[in-house]
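Trainee: Got a minute to go through this model with me? I'd like to start with the ligand.

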Amino acid sequence: MSMANRLFVVGNAVSDLTLTVERAAHAGESILADSMQRAPGGKGLNQAVAAHRAGAAVVFHASVGDDGEGADIAARLDEERMHALRLVRHALPTDLSVLTVARNGENSIITTAGCTRALDAAGLVAQIADITAADTLLMQGNLSLESSRAVIDHARASGAAVIVNAAPWCWPDASALAACDGVIANEGEICAIAGVDDPELGATRLLVQGPQWVIVTLGARGALIARGDERVRMPAVSVVPVDTSGAGDVFCGVLAALRTPRNEALPFLRAIECAQRAAAITVGRAGTFSAIPSAEEMRQVIRNG
Ligand code: ATP
(Lines give C-alpha, C1' and ligand atoms only; values in the text may rest on other atoms or scores of the structure.)
Protein backbone atom coordinates (compact mmCIF):
# COMPACT_ATOMS: atom_id res chain seq x y z
CA MET A 1 0.00 0.00 0.00
CA SER A 2 1.24 3.48 -0.81
CA MET A 3 2.62 5.58 2.03
CA ALA A 4 0.92 8.67 0.67
CA ASN A 5 -2.40 10.11 1.75
CA ARG A 6 -2.64 8.48 5.13
CA LEU A 7 -5.14 9.46 7.82
CA PHE A 8 -3.41 9.81 11.20
CA VAL A 9 -5.90 9.37 14.05
CA VAL A 10 -4.43 10.43 17.40
CA GLY A 11 -6.86 9.74 20.21
CA ASN A 12 -8.04 7.31 22.85
CA ALA A 13 -8.69 3.58 22.97
CA VAL A 14 -10.74 2.45 25.95
CA SER A 15 -12.59 -0.53 27.26
CA ASP A 16 -16.35 0.15 27.12
CA LEU A 17 -18.40 -1.34 29.94
CA THR A 18 -22.09 -0.91 29.17
CA LEU A 19 -24.66 -1.47 31.92
CA THR A 20 -28.28 -1.73 30.84
CA VAL A 21 -30.53 -0.43 33.61
CA GLU A 22 -34.26 0.02 34.04
CA ARG A 23 -33.69 3.67 34.93
CA ALA A 24 -30.75 5.87 35.92
CA ALA A 25 -29.70 5.68 39.60
CA HIS A 26 -30.47 8.64 41.86
CA ALA A 27 -27.69 10.14 44.00
CA GLY A 28 -26.88 7.80 46.88
CA GLU A 29 -28.88 4.91 45.41
CA SER A 30 -27.65 1.39 44.53
CA ILE A 31 -29.46 -0.39 41.73
CA LEU A 32 -29.07 -3.67 39.86
CA ALA A 33 -28.23 -3.69 36.17
CA ASP A 34 -30.22 -5.86 33.76
CA SER A 35 -27.09 -6.80 31.80
CA MET A 36 -23.50 -5.81 31.07
CA GLN A 37 -21.40 -5.84 27.93
CA ARG A 38 -17.74 -5.19 27.24
CA ALA A 39 -16.39 -3.90 23.93
CA PRO A 40 -13.49 -1.86 22.58
CA GLY A 41 -14.36 1.83 22.47
CA GLY A 42 -13.24 5.42 22.80
CA LYS A 43 -13.83 8.16 20.27
CA GLY A 44 -10.35 7.77 18.81
CA LEU A 45 -10.71 4.02 18.34
CA ASN A 46 -14.25 4.21 16.94
CA GLN A 47 -13.34 6.95 14.47
CA ALA A 48 -10.16 5.14 13.39
CA VAL A 49 -12.11 1.93 12.73
CA ALA A 50 -14.89 3.76 10.87
CA ALA A 51 -12.35 5.64 8.71
CA HIS A 52 -10.42 2.45 7.97
CA ARG A 53 -13.56 0.60 6.93
CA ALA A 54 -14.48 3.61 4.76
CA GLY A 55 -11.24 3.08 2.85
CA ALA A 56 -8.70 5.41 4.50
CA ALA A 57 -5.09 4.30 5.07
CA VAL A 58 -5.40 4.83 8.84
CA VAL A 59 -2.40 5.23 11.15
CA PHE A 60 -3.93 4.92 14.61
CA HIS A 61 -2.12 6.26 17.69
CA ALA A 62 -3.44 5.50 21.17
CA SER A 63 -2.29 4.48 24.63
CA VAL A 64 -3.43 1.34 26.41
CA GLY A 65 -2.46 -0.22 29.72
CA ASP A 66 -0.34 -3.21 30.50
CA ASP A 67 -3.40 -5.30 31.38
CA GLY A 68 -5.94 -7.73 29.93
CA GLU A 69 -8.17 -4.96 28.60
CA GLY A 70 -5.23 -3.40 26.74
CA ALA A 71 -4.31 -6.79 25.25
CA ASP A 72 -7.95 -7.37 24.18
CA ILE A 73 -8.10 -3.97 22.46
CA ALA A 74 -4.80 -4.63 20.67
CA ALA A 75 -5.97 -8.06 19.50
CA ARG A 76 -9.30 -6.72 18.24
CA LEU A 77 -7.63 -3.83 16.39
CA ASP A 78 -5.10 -6.22 14.83
CA GLU A 79 -8.03 -7.99 13.18
CA GLU A 80 -9.03 -4.75 11.45
CA ARG A 81 -5.75 -4.67 9.51
CA MET A 82 -5.38 -0.92 9.47
CA HIS A 83 -2.52 0.68 7.55
CA ALA A 84 -0.59 1.04 10.84
CA LEU A 85 -1.47 0.48 14.48
CA ARG A 86 0.71 2.41 16.94
CA LEU A 87 -0.44 1.46 20.43
CA VAL A 88 1.78 2.56 23.29
CA ARG A 89 1.59 0.29 26.37
CA HIS A 90 1.84 2.02 29.75
CA ALA A 91 2.21 0.48 33.21
CA LEU A 92 -1.26 1.82 34.05
CA PRO A 93 -4.80 0.50 33.83
CA THR A 94 -6.35 0.77 30.35
CA ASP A 95 -8.86 3.62 30.25
CA LEU A 96 -12.46 2.66 30.91
CA SER A 97 -15.81 4.09 29.80
CA VAL A 98 -18.75 3.17 31.97
CA LEU A 99 -21.97 3.64 30.03
CA THR A 100 -25.37 3.25 31.63
CA VAL A 101 -28.22 2.84 29.18
CA ALA A 102 -31.70 3.22 30.69
CA ARG A 103 -34.83 1.73 29.09
CA ASN A 104 -36.15 5.19 28.27
CA GLY A 105 -33.05 5.71 26.12
CA GLU A 106 -31.34 8.02 28.61
CA ASN A 107 -27.59 7.36 28.56
CA SER A 108 -24.74 8.51 30.73
CA ILE A 109 -21.03 7.97 30.12
CA ILE A 110 -18.04 8.36 32.45
CA THR A 111 -14.58 7.91 30.89
CA THR A 112 -11.13 7.80 32.45
CA ALA A 113 -8.23 9.39 30.58
CA GLY A 114 -5.20 8.55 32.76
CA CYS A 115 -3.65 6.20 30.24
CA THR A 116 -4.64 8.29 27.22
CA ARG A 117 -2.95 11.31 28.75
CA ALA A 118 0.16 9.43 29.95
CA LEU A 119 2.13 10.48 26.87
CA ASP A 120 3.19 14.11 27.13
CA ALA A 121 3.12 16.58 24.25
CA ALA A 122 6.71 15.82 23.18
CA GLY A 123 6.04 12.07 23.25
CA LEU A 124 2.96 12.45 21.08
CA VAL A 125 4.73 14.69 18.57
CA ALA A 126 7.57 12.13 18.33
CA GLN A 127 4.95 9.48 17.49
CA ILE A 128 3.70 11.36 14.44
CA ALA A 129 7.17 12.47 13.31
CA ASP A 130 6.60 10.88 9.87
CA ILE A 131 3.42 12.83 8.99
CA THR A 132 3.72 14.67 5.67
CA ALA A 133 1.84 17.19 3.54
CA ALA A 134 0.13 14.28 1.77
CA ASP A 135 -1.48 13.15 5.04
CA THR A 136 -4.45 14.23 7.15
CA LEU A 137 -4.68 14.32 10.97
CA LEU A 138 -7.94 13.56 12.81
CA MET A 139 -8.19 14.24 16.55
CA GLN A 140 -10.88 14.37 19.23
CA GLY A 141 -11.12 16.13 22.58
CA ASN A 142 -9.81 13.37 24.83
CA LEU A 143 -6.21 14.57 25.02
CA SER A 144 -5.29 17.70 26.96
CA LEU A 145 -5.38 21.04 25.19
CA GLU A 146 -1.59 21.33 25.49
CA SER A 147 -0.94 17.91 23.93
CA SER A 148 -3.56 18.41 21.24
CA ARG A 149 -2.11 21.78 20.30
CA ALA A 150 1.38 20.31 20.04
CA VAL A 151 0.17 17.50 17.74
CA ILE A 152 -1.94 19.86 15.63
CA ASP A 153 0.89 22.41 15.32
CA HIS A 154 3.34 19.69 14.27
CA ALA A 155 0.91 18.34 11.66
CA ARG A 156 0.28 21.85 10.31
CA ALA A 157 3.99 22.61 10.18
CA SER A 158 4.43 19.39 8.16
CA GLY A 159 1.76 20.59 5.74
CA ALA A 160 -0.85 17.99 6.72
CA ALA A 161 -4.55 18.83 6.77
CA VAL A 162 -6.10 18.81 10.26
CA ILE A 163 -9.65 17.88 11.27
CA VAL A 164 -10.77 17.99 14.91
CA ASN A 165 -13.95 16.53 16.36
CA ALA A 166 -14.44 18.81 19.37
CA ALA A 167 -15.86 16.02 21.54
CA PRO A 168 -15.90 15.70 24.44
CA TRP A 169 -15.59 19.47 24.78
CA CYS A 170 -13.42 20.07 27.86
CA TRP A 171 -10.69 22.42 26.66
CA PRO A 172 -10.50 25.83 28.34
CA ASP A 173 -10.47 27.68 25.01
CA ALA A 174 -10.83 27.24 21.25
CA SER A 175 -7.20 28.00 20.35
CA ALA A 176 -6.59 24.46 19.03
CA LEU A 177 -9.64 24.68 16.78
CA ALA A 178 -8.47 27.95 15.24
CA ALA A 179 -5.45 26.08 13.85
CA CYS A 180 -7.56 23.39 12.09
CA ASP A 181 -8.77 23.06 8.53
CA GLY A 182 -12.05 21.57 9.66
CA VAL A 183 -14.01 21.21 12.91
CA ILE A 184 -16.90 18.84 13.61
CA ALA A 185 -19.03 19.45 16.70
CA ASN A 186 -22.55 18.60 17.81
CA GLU A 187 -25.09 21.22 18.84
CA GLY A 188 -24.15 21.32 22.53
CA GLU A 189 -20.45 21.40 21.75
CA ILE A 190 -20.60 24.26 19.24
CA CYS A 191 -22.69 26.33 21.64
CA ALA A 192 -20.22 25.69 24.48
CA ILE A 193 -17.23 26.46 22.23
CA ALA A 194 -18.65 29.75 20.96
CA GLY A 195 -20.56 30.71 24.13
CA VAL A 196 -23.85 31.15 22.24
CA ASP A 197 -27.28 29.42 22.14
CA ASP A 198 -27.64 29.15 18.38
CA PRO A 199 -25.58 26.49 16.53
CA GLU A 200 -25.44 28.48 13.29
CA LEU A 201 -24.19 31.56 15.10
CA GLY A 202 -21.72 29.31 16.96
CA ALA A 203 -20.40 27.90 13.68
CA THR A 204 -20.02 31.41 12.27
CA ARG A 205 -18.16 32.60 15.38
CA LEU A 206 -15.77 29.65 15.17
CA LEU A 207 -15.26 30.03 11.42
CA VAL A 208 -13.90 33.56 11.75
CA GLN A 209 -11.24 32.25 14.15
CA GLY A 210 -9.53 30.22 11.43
CA PRO A 211 -10.98 26.93 10.21
CA GLN A 212 -11.95 26.56 6.54
CA TRP A 213 -15.14 24.76 7.47
CA VAL A 214 -17.25 23.83 10.47
CA ILE A 215 -19.83 21.02 10.52
CA VAL A 216 -22.42 20.94 13.29
CA THR A 217 -24.15 17.58 13.61
CA LEU A 218 -27.79 17.90 14.69
CA GLY A 219 -28.76 14.30 15.47
CA ALA A 220 -32.00 13.31 13.71
CA ARG A 221 -32.09 16.80 12.16
CA GLY A 222 -28.96 16.15 10.10
CA ALA A 223 -26.04 18.52 9.80
CA LEU A 224 -25.26 22.19 9.31
CA ILE A 225 -22.27 23.06 7.16
CA ALA A 226 -20.55 26.44 7.43
CA ARG A 227 -17.83 27.21 4.88
CA GLY A 228 -16.92 30.78 3.91
CA ASP A 229 -20.24 32.55 3.40
CA GLU A 230 -21.99 29.28 2.62
CA ARG A 231 -24.47 27.84 5.17
CA VAL A 232 -26.07 24.55 4.18
CA ARG A 233 -28.43 22.36 6.18
CA MET A 234 -28.54 18.73 5.12
CA PRO A 235 -31.26 16.39 6.41
CA ALA A 236 -30.36 13.15 8.17
CA VAL A 237 -31.29 9.81 6.68
CA SER A 238 -34.64 8.73 8.10
CA VAL A 239 -34.16 5.70 10.35
CA VAL A 240 -35.91 4.17 13.38
CA PRO A 241 -33.37 4.87 16.14
CA VAL A 242 -32.29 1.86 18.20
CA ASP A 243 -29.17 3.30 19.87
CA THR A 244 -27.63 6.57 18.72
CA SER A 245 -24.29 6.03 20.50
CA GLY A 246 -21.42 5.99 18.03
CA ALA A 247 -23.31 8.01 15.40
CA GLY A 248 -21.03 11.00 15.86
CA ASP A 249 -17.89 8.82 15.71
CA VAL A 250 -18.97 7.10 12.50
CA PHE A 251 -19.87 10.47 10.96
CA CYS A 252 -16.41 11.88 11.81
CA GLY A 253 -14.48 8.77 10.73
CA VAL A 254 -16.21 8.52 7.37
CA LEU A 255 -16.03 12.24 6.67
CA ALA A 256 -12.30 12.34 7.48
CA ALA A 257 -11.71 9.26 5.30
CA LEU A 258 -13.45 10.98 2.39
CA ARG A 259 -11.53 14.24 2.93
CA THR A 260 -8.06 12.70 2.62
CA PRO A 261 -6.35 13.86 -0.59
CA ARG A 262 -6.84 10.46 -2.26
CA ASN A 263 -10.60 11.05 -2.00
CA GLU A 264 -10.58 14.79 -2.55
CA ALA A 265 -12.36 14.12 -5.86
CA LEU A 266 -15.50 13.46 -3.85
CA PRO A 267 -17.28 16.81 -3.44
CA PHE A 268 -17.55 18.07 0.14
CA LEU A 269 -21.34 17.88 0.39
CA ARG A 270 -21.37 14.40 -1.08
CA ALA A 271 -18.83 13.30 1.52
CA ILE A 272 -21.16 14.66 4.23
CA GLU A 273 -24.07 12.77 2.68
CA CYS A 274 -22.03 9.54 2.86
CA ALA A 275 -21.04 10.25 6.48
CA GLN A 276 -24.71 10.74 7.38
CA ARG A 277 -25.73 7.54 5.61
CA ALA A 278 -23.08 5.58 7.53
CA ALA A 279 -24.12 7.26 10.82
CA ALA A 280 -27.76 6.31 10.16
CA ILE A 281 -26.77 2.63 9.88
CA THR A 282 -25.14 2.96 13.33
CA VAL A 283 -28.26 4.60 14.80
CA GLY A 284 -30.37 1.64 13.66
CA ARG A 285 -28.26 -0.81 15.70
CA ALA A 286 -27.58 -1.51 19.36
CA GLY A 287 -24.13 -0.90 20.82
CA THR A 288 -21.32 1.40 19.75
CA PHE A 289 -18.35 -0.58 18.40
CA SER A 290 -20.65 -3.38 17.22
CA ALA A 291 -22.81 -0.82 15.38
CA ILE A 292 -20.01 0.57 13.17
CA PRO A 293 -20.83 -0.35 9.55
CA SER A 294 -18.69 -3.07 7.98
CA ALA A 295 -16.24 -2.35 5.15
CA GLU A 296 -18.77 -3.79 2.69
CA GLU A 297 -21.54 -1.53 4.04
CA MET A 298 -19.18 1.44 3.79
CA ARG A 299 -18.46 0.59 0.15
CA GLN A 300 -22.18 0.55 -0.59
CA VAL A 301 -22.74 3.84 1.26
CA ILE A 302 -19.92 5.53 -0.66
CA ARG A 303 -20.86 4.02 -4.03
CA ASN A 304 -24.50 5.08 -3.72
CA GLY A 305 -23.92 8.26 -1.67
P1 ATP B 1 -23.30 10.50 19.70
O2 ATP B 1 -22.69 11.18 20.87
O3 ATP B 1 -24.67 9.90 19.96
O4 ATP B 1 -22.40 9.56 18.99
P5 ATP B 1 -23.19 13.13 18.51
O6 ATP B 1 -23.93 13.96 19.50
O7 ATP B 1 -21.72 13.27 18.43
O8 ATP B 1 -23.61 11.60 18.61
P9 ATP B 1 -25.22 13.57 16.51
O10 ATP B 1 -25.39 14.95 16.02
O11 ATP B 1 -26.21 13.03 17.48
O12 ATP B 1 -23.73 13.43 17.04
O13 ATP B 1 -25.20 12.55 15.27
C14 ATP B 1 -24.22 12.59 14.24
C15 ATP B 1 -24.91 12.28 12.92
O16 ATP B 1 -25.53 10.99 13.02
C17 ATP B 1 -26.03 13.24 12.55
O18 ATP B 1 -25.53 14.34 11.82
C19 ATP B 1 -26.92 12.35 11.71
O20 ATP B 1 -26.48 12.28 10.37
C21 ATP B 1 -26.74 10.97 12.34
N22 ATP B 1 -27.84 10.73 13.31
C23 ATP B 1 -27.81 10.87 14.65
N24 ATP B 1 -29.00 10.56 15.20
C25 ATP B 1 -29.82 10.23 14.18
C26 ATP B 1 -31.18 9.81 14.07
N27 ATP B 1 -31.96 9.70 15.16
N28 ATP B 1 -31.66 9.54 12.83
C29 ATP B 1 -30.89 9.65 11.73
N30 ATP B 1 -29.59 10.03 11.76
C31 ATP B 1 -29.07 10.33 12.96
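Trainee: How far is the backbone N or O atom of Thr 244 from the ligand oxygen?
Mentor: It is 3.1 Å for Thr 244. That is a polar contact, meaning a pair of N or O atoms within 3.5 Å. A backbone N or O atom of Ala 247 lies 3.3 Å from a ligand oxygen. For Gly 248, a backbone N or O atom is 3.0 Å from an oxygen of the ligand.

Trainee: How much of the ligand's accessible area does the protein cover?
Mentor: The protein covers 83% of the 630 Å² that the ligand has on its own (Shrake-Rupley method, 1.4 Å probe).

Trainee: Before I go on, what are the ground rules here?
Mentor: This is a predicted model, where local features need pLDDT of at least 70, side-chain atom pairs count only at pLDDT 80 or more, and totals for chains, interfaces and linings use all residues. Residues are numbered from 1 along each chain as its sequence is written, and side-chain values use heavy atoms, with hydrogens and water left out.

Trainee: Fine. Which residues come nearest to the ligand?
Mentor: Asn 186, Thr 217, Gly 219, Gly 248 and Gln 276, out of 17 around the ligand. A residue is near if one of its heavy atoms lies within 4 Å.

Trainee: How does that shell divide into nonpolar, polar and charged?
Mentor: Eight nonpolar, nine polar and no charged. Gly counts as polar here.

Trainee: Which element gives the largest share of the shell?
Mentor: Helix H9, with three residues. H9 spans 268-283. Helices are DSSP runs of H or I with at least four residues, strands are E runs with at least two, and both are numbered from the N terminus.

Trainee: Switching topic. How many helices and strands are in the chain?
Mentor: Ten helices and 13 strands.

Trainee: Any odd backbone spots?
Mentor: A cis peptide bond joins Ala 167 and Pro 168, with omega about -10°. Pro 168 is in the loop between strand E9 (161-165) and helix H5 (175-178).

Trainee: And what is phi of Arg 81?
Mentor: Near 55°, a positive value in a residue other than glycine. Arg 81 sits in the loop between helix H2 (68-80) and strand E5 (84-90).

Methods. A polar contact is a pair of N or O atoms within 3.5 Å; within protein, one must be able to donate a hydrogen and the other to accept it, and residues adjacent in sequence count only if both atoms are side-chain atoms.
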